[in-house]
Amino acid sequence: MRRYRNTAGEVFRFGVVGVTATLVHFLVLNGAVGAIGAVLANGFAFCCAVGVTYFGQSIWVFKQQPMNLYRLRRFLVSAIGGLGANMGLMAILAEGVGWHHNLVFALSLVVVPSFLFFLNKFWVFKGTPQ
């Protein structure tokens, strides 16, 4: 029972970190867009959000040492995988099947973070780095 309670806590903290990273992305984007334009501001904001996500997941969600190149590389692979999954769902379901993009976005809000939680728990932040 304790194991499930621990996983439930991780899922909750993972969600809080995700919402926080999304808020950081939004705030940085809107703060920088006037100075450097939407595309550069979005790229900068995305990088800030990825940083928040990495440190939040390292320290708070999975209770690991954040300054670890091994885990950081794996985390970046998982982040790129999440981006690819998100874009793939949009391409297949919105462009290919014809679903409305907001429906696909809503589906992505469930599918992609679920995939990333398990990837991060059992691959990125699992055990001692090699």
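# A walk through a predicted four-helix model

Let's start inside helix H2, which covers residues 38-61: its buried residues are Ala-41, Ala-45, Ala-49, Val-50, Thr-53, Tyr-54, Gly-56, Gln-57, Ser-58 and Val-61. Please keep in mind that this is a predicted model. Tyr-54 will come back later in the tour, among the aromatic residues.

Now step back to the whole chain. The protein has 4 helices and 0 strands, and reading along the sequence gives the pattern α-α-α-α. Its C-alpha trace spans about 40 × 40 × 25 Å along the principal axes. Of the 130 residues, 29% count as buried.

What comes after H2? The helix is followed by Lys-63, whose phi is positive, near 55°. This residue sits in the loop between H2 and H3. As a general background, most residues other than glycine have a negative phi. Lys-63 has its positive phi although it is not a glycine. With a relative accessible area of 54%, Lys-63 is exposed, since the exposed class begins over 50%.

On the other side of that loop we can look at how the helices are arranged. Two packed helices are described by the angle between their axes and the distance between the axes. For H2 and H3, the axes come within 11 Å and cross at roughly 125°. The two helices are therefore oblique to each other, and their crossing is right-handed.

How do H3 and H4 cross? The axes of H3, residues 69-97, and H4 come within 9 Å, with a crossing angle of roughly 155°. That makes H3 roughly antiparallel to H4, because angles over 145 degrees fall in that class. The crossing of H3 and H4 is right-handed. Sorted by class, the residues in the contact of H3 with H4 are 17 nonpolar, 7 polar and 2 charged.

Next, a charged contact that involves H4. In general, side chains of opposite charge can pair when their charged atoms come close. A search of the whole structure finds 1 salt bridge. Which residues form a salt bridge, and at what distance? Glu-10 pairs with Lys-121, and the closest N and O atoms are 2.5 Å apart. Glu-10 lies in helix H1, residues 2-36, while Lys-121 lies in helix H4, so the pair ties together parts that are 111 residues apart in sequence. Are these two residues buried or exposed? Both Glu-10 and Lys-121 are buried.

That leads us to the aromatic side chains. A pair of aromatic rings is described by the distance of the centres and the angle of the planes. Counting rings whose centres lie within 6.5 Å, the model has 9 aromatic pairs. One of them joins Tyr-54 and Phe-55 in an edge-to-face arrangement, at 5.3 Å centre to centre and with 75° between the planes. Tyr-54 counts as buried, at 3% relative accessibility, whereas Phe-55 counts as partly exposed at 36%.

A second example lies in H4, and here the geometry is of another kind. The rings of Phe-118 and Phe-122 have centres 6.1 Å apart and planes at 5°, so this pair is stacked. Why are these two separated by about one helical turn? Because Phe-118 and Phe-122 are 4 residues apart in helix H4, which covers residues 101-124. Phe-118 is partly exposed, with a relative accessible area of 49%. Phe-122 is partly exposed too, at 46% relative accessibility.

These residues belong to a wider group. One aromatic cluster is formed by Phe-14, Tyr-54, Phe-55, Phe-62, Phe-75, Phe-117, Phe-118, Phe-122 and Phe-125. Both of the pairs just described therefore have their members in this cluster, with Tyr-54 and Phe-55 on one hand and Phe-118 and Phe-122 on the other.

One more aromatic residue is worth a look before we finish. Phe-12 lies in helix H1 and, at 56% relative accessibility, counts as exposed. Its C-alpha atom is separated by 16 Å from that of Tyr-54, and the two residues are 42 residues apart along the chain. Tyr-54, in turn, takes us back to the buried residues of H2 where the tour began.

Technical notes
Residues numbered from 1 in each chain as written. Predicted model: local features only at pLDDT ≥ 70, side-chain atom pairs only at ≥ 80, totals over all residues. Heavy atoms only, no water. Phe/Tyr/Trp six-rings, centres within 6.5 Å; stacked < 30°, edge-to-face > 60°. Buried < 20%, exposed > 50% of the residue type's maximum accessible area, 1.4 Å probe, protein only. Axes fitted to C-alpha atoms, helices over the stretch in contact; angles between N-to-C directions. Parallel < 35°, antiparallel > 145°, perpendicular 65-115°, else oblique. Left-handed = near helix turned anticlockwise from the far one by under 90°. Nonpolar A, V, L, I, M, F, W, Y, C, P; charged D, E, K, R; others polar. Salt bridge = Lys/Arg side-chain N within 4 Å of Asp/Glu carboxyl O.
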